[in-house]
Amino acid sequence: MAFLEINNVAHSYGKKTVLKNVSFTANLGDIIGVFGRNGSGKSTLLNLLFKELRLQSGSIRINDKPLASIKHKDQLIGYLPQFSMLPRELK
């Protein structure tokens, strides 16, 4: 059983489609990098995953439960930003 399942996710802003049929699975402990050109949908995918945007089509599930039904998802999944959030003097 996959910990995270993203199936056929699509998202558009007006007529501009930024995600189309995005699907992948990740198991507990997997580390996944999201790479792409500016405007390719990386932030949109993360915003959908963290419920900052409403899912237009497809499904996102964690442990076979729809993402919308999970109350404390921040205890199950997290992400690191591209740039450090800590002051440079901290190591």
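**Group meeting presentation: a chain of one helix and four strands**

Thr-44 is buried, as its relative accessible area is 7%. The cut-off for that word is under 20%, so Thr-44 with its 7% qualifies. I begin with this residue and then move outward to the whole chain. Please keep in mind throughout that the model is predicted.

Where does Thr-44 lie? It belongs to helix H1. Setting aside residues up to four places away in sequence, Thr-44 touches five residues by name: His-11, Tyr-13, Val-18, Leu-19 and Leu-53.

Let me now place that helix in the overall fold. The chain contains one helix and four strands. Following the sequence, one meets them in the pattern β-β-α-β-β.

I turn next to the interior. Of the chain's 91 residues, 25% count as buried. In soluble globular proteins, nonpolar side chains tend to be buried together. In this model, the largest nonpolar core consists of 15 residues, and Leu-4 and Ile-60 have the most contacts inside it. Which elements give two or more residues to this core? They are strand S1, residues 4-13; strand S2, residues 16-26; helix H1, residues 42-49; and strand S3, residues 57-62.

Ile-60 deserves a separate description. Leaving aside neighbours within four places in sequence, Ile-60 is in contact with Leu-4, Glu-5, Ile-6 and Val-9, with Leu-48, Leu-49 and Leu-55, and also with Lys-65, Pro-66 and Leu-67.

A further example is Val-22, which is found in strand S2. Apart from residues up to four places away in sequence, Val-22 touches Ile-6, Asn-7, Asn-8, Val-9 and Leu-45. Val-22 and Leu-45 are 23 residues apart along the chain, and their C-alpha atoms are separated by 8.9 Å.

How do such contacts look across the chain as a whole? Among contacts between residues at least 6 apart in sequence, 48% join residues at least 24 apart. As for the surface, the chain exposes about 7200 Å², and carbon and sulfur atoms supply 53% of that area.

Finally, I address confidence. The mean pLDDT of the chain is 83, with 81% of residues reaching 70 or more. Where is confidence lowest, and where is it highest? It is lowest in strand S4, residues 65-66, at a mean of 84, and highest in S1, at 94.

To close, I return to the starting point: Thr-44 is buried, and its place is in helix H1, one of the elements that give two or more residues to the largest nonpolar core. Thank you for your attention.

Conventions
Residues are numbered from 1 along each chain as its sequence is written. This is a predicted model: local features need pLDDT of at least 70, side-chain atom pairs count only at pLDDT 80 or more; totals for chains, interfaces and linings use all residues. Side-chain values use heavy atoms; hydrogens and water are left out. A nonpolar core is a set of buried Ala, Val, Leu, Ile, Met, Phe, Trp, Tyr and Cys residues joined through side-chain atoms within 4.5 Å. Buried means under 20% relative accessible area, exposed over 50%, partly exposed in between (1.4 Å probe, protein chains only). Contact means heavy atoms within 4.5 Å. pLDDT is the predictor's confidence in each residue, from 0 to 100. Accessible areas come from the Shrake-Rupley method with a 1.4 Å probe; for residues, only the protein chains shown count as cover.
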